[in-house]
Every structure is written in C-alpha cells, then in structure tokens.
Amino acid sequence: MRSELSTLSAVFEANRARGAVSFEVHARDGVTRRGALHESGSLRVRFPSPEDDGLSGVFVNTAGGVAGGDRFDIEISAVDRARLTLTTAAAEKIYRAPGAAAQLNMGLKVGAGSHLSWLPQETILFDRARVQRRFDIELDEAASLLLCEIVVFGRTAMGERMEQGEFVDRWRLRRGGKLVFAETVRLDGHIGAKLARSAVAKGGAAIGTALIVPGDEALVERIREASDSFSGEVGISAWNGFAMARFCAQDAARLRADMMAVLTRTGAALPRLWLN
C-alpha cells in the first residue's frame, strides 16, 4: 500500500505545472516597445493592439488553472519612461491541493519616469486550495505604480464557499531602494469560519487591495467622494508617499464594481477585458 501511495505521489509531483515569463519594456520616441521576452512551461503573455502610446499585456495560463505543487514565476521590468498595463485573459482558479501549496512569484521593477499597472482579473480559491503568493516590487522614486488584486474564497456565483485551505500573500515594496511597505496575510485552517468573524470579513467572500504610487491625501479624499456608491466595505489611506485601498464584499461582482469605481477615480484606464 505504501509503495502504491509513493508511486502516486511521484506521478502527481511529475505532473505539476511550471510556468515562467520575463520581459522588459522601454519607451522609444514616446512609444513603449517590448524588449526580449522569455516564456517557459504553461505561462504565456500576449500583447494586443495598444489603445495609446503605452503597451498592454495579457497573461494566459494554458494549464487551465493552478493546482497544488504548481509554480509560476513572473519578472517584469519597465524602464526609459515606458507605460505598461498587465491583466489576465480570465479569472485565475486555484484548485484543491492535497499536497504542497502552489507557488506564485511576481517580481516587478519600474524605472524613473515609467508606469506599470498590474490589473489581473480575480483569483478564485476553491475549497481546500493551498497557495502562497509573493510580490517583490522595486520602484524608482520617480516611477509610478497601480497594483490591484482581488481574491475570492469560493465560486460564490455557484453557491460554493471555501471552507478550509491555505492562503499566504506576501507583499514587499521598495522605493528608491528603501523598504516602504511590507505585509504578509495568512489565512489557513478553517478559513470559512475565520472570514465569518466581524473583525475579519463579516461573512464576506471577496477581498481586494489597490496599491497606488504615488498617492496622497488629495487622492484619498477624491476616492472617498464616491463612498456612497460602494456595495461593500472600502477603506483607503495614504502614507510614505503611496495610497492603499482595501476592499471587502459579499461576492466578487460587488467587489469588482467597487474596485472599478476606485480605479476610475485614480484616472486609470481599465483593460478592455475588464469591461466585457
């Protein structure tokens, strides 16, 4: 019996998805161009026709989702006053993981005068999913960034909830070489019960974060002016030269609407895939 389990475990490990994408963008004559691109495994990035002088990229996971033991690595660099917007072709699904957690690693570098908008569609965690995600962000003091993430605990539209699993989200932001923001969110074990607590999510199944650099109190007040239109809970503050908005809602649709309202107030151009 042990031999059979060992064999099954080895087969499972050998079939784990691996994917990596790395590239650099730079501006030439005021138009953002892509430099060398490296892709491997089941992760791809495609560049549709730009709507302006900036460049848009869309990530595609040909594995159809993320399962336990999978690993995906992304390294992006924007320099020479480039403007880059990144999104995903669809919501990313994190499936049940009987063994090791999935690993998602993102490294983002933005040089002087450049701008990067990281605007993926939702990440949906199935019951008993296990995932560890990491963002390492390096910004020049004269760079700008808009980074948004939405996490949904269960397919709420299907009446499903995530009851147990693991979600670890580690963010590190350095600006001008100095660490200005560090946070690690960890939810594990009986996640459904924890989300039901008033001090956590008050029964909400969707959470989100928007990191805006640079950001100040004027931006905070501009976003707060839209507070009457929010369907869920939204909190925003500014410190250390950046602003951060937190979102919590009963389902993905409400949170997405709130996120779009906030992004509109920042002057951000939403990816066309968000509007379909």
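Which backbone nitrogen does the side chain of Asp70 reach at 2.8 Å? In this predicted model, the side chain of Asp70 reaches the backbone nitrogen of Ala67 at that distance, 2.8 Å.

**Asp70 and its surroundings**

Asp70 belongs to the loop that runs between β4 (55-61) and β5 (71-79). With a relative accessible area of 2%, Asp70 counts as buried, because the cut-off for buried is under 20%. A polar atom of the Asp70 side chain also lies 2.8 Å from the backbone nitrogen of Ala17. Neighbours within four places in sequence aside, the residues in contact with Asp70 are Arg16, Ala17, Arg18, Gly65, Ala101, Ala102 and Gln103. Ala17 thus appears in that list of contacts and supplies a backbone nitrogen to the polar pair described above.

**The open sheet**

Strand β5, which follows the loop of Asp70, is part of an open sheet of seven strands. Their order is β2-β1-β5-β8-β11-β13-β14, and the pairing is mixed. At the edges stand β2 (31-41) and β14, each of which pairs on one side only. On average, and with direction ignored, neighbouring strands of this sheet are turned by 5° against each other.

Within the sheet, strand β8 (residues 102-110) and strand β11 (residues 130-139) run parallel and are joined by nine bridges. Met106 has Phe135 of β11 as its bridge partner.

**Aromatic residues**

The model holds nine aromatic pairs. A pair of aromatic rings is described by the distance of the centres and the angle of the planes. One of the pairs consists of Phe181 and Phe242, arranged edge-to-face, with 5.8 Å from centre to centre and 70° between the planes. This pair links distant parts of the chain, as its members are 61 residues apart: Phe181 sits in strand β14 (residues 178-189) and Phe242 in strand β17 (residues 242-249). Strand β14 is also an edge strand of the open sheet.

The table lists the relative accessible area of three buried residues, including both members of this pair.

| Residue | Relative accessible area |
|---|---|
| Asp70 | 2% |
| Phe181 | 7% |
| Phe242 | 1% |

Phe135, the bridge partner of Met106, also takes part in an aromatic cluster, together with Phe59, Trp118 and Trp171. Elsewhere, a charged residue is placed against a ring: Arg256 lies over the face of Trp274, 4.9 Å from the ring centre.

Note on methods:
Residues are numbered from 1 along each chain as its sequence is written. This is a predicted model: local features need pLDDT of at least 70, side-chain atom pairs count only at pLDDT 80 or more; totals for chains, interfaces and linings use all residues. Side-chain values use heavy atoms; hydrogens and water are left out. Helices (H or I, at least four residues) and strands (E, at least two) are DSSP runs, numbered from the N terminus. Buried means under 20% relative accessible area, exposed over 50%, partly exposed in between (1.4 Å probe, protein chains only). A polar contact is a pair of N or O atoms within 3.5 Å; within protein, one must be able to donate a hydrogen and the other to accept it, and residues adjacent in sequence count only if both atoms are side-chain atoms. Contact means heavy atoms within 4.5 Å. Rings of Phe, Tyr and Trp (its six-membered ring) pair if their centres lie within 6.5 Å; planes under 30 degrees apart count as stacked, over 60 as edge-to-face and the rest as tilted. A charge sits over a ring if NZ of Lys or CZ of Arg is within 6 Å of the ring centre and within 35 degrees of the ring normal. Two strands pair if DSSP finds at least two bridges between them. Axes are lines fitted to C-alpha atoms, for helices over the stretch in contact, and angles run from 0 to 180 degrees between N-to-C directions.
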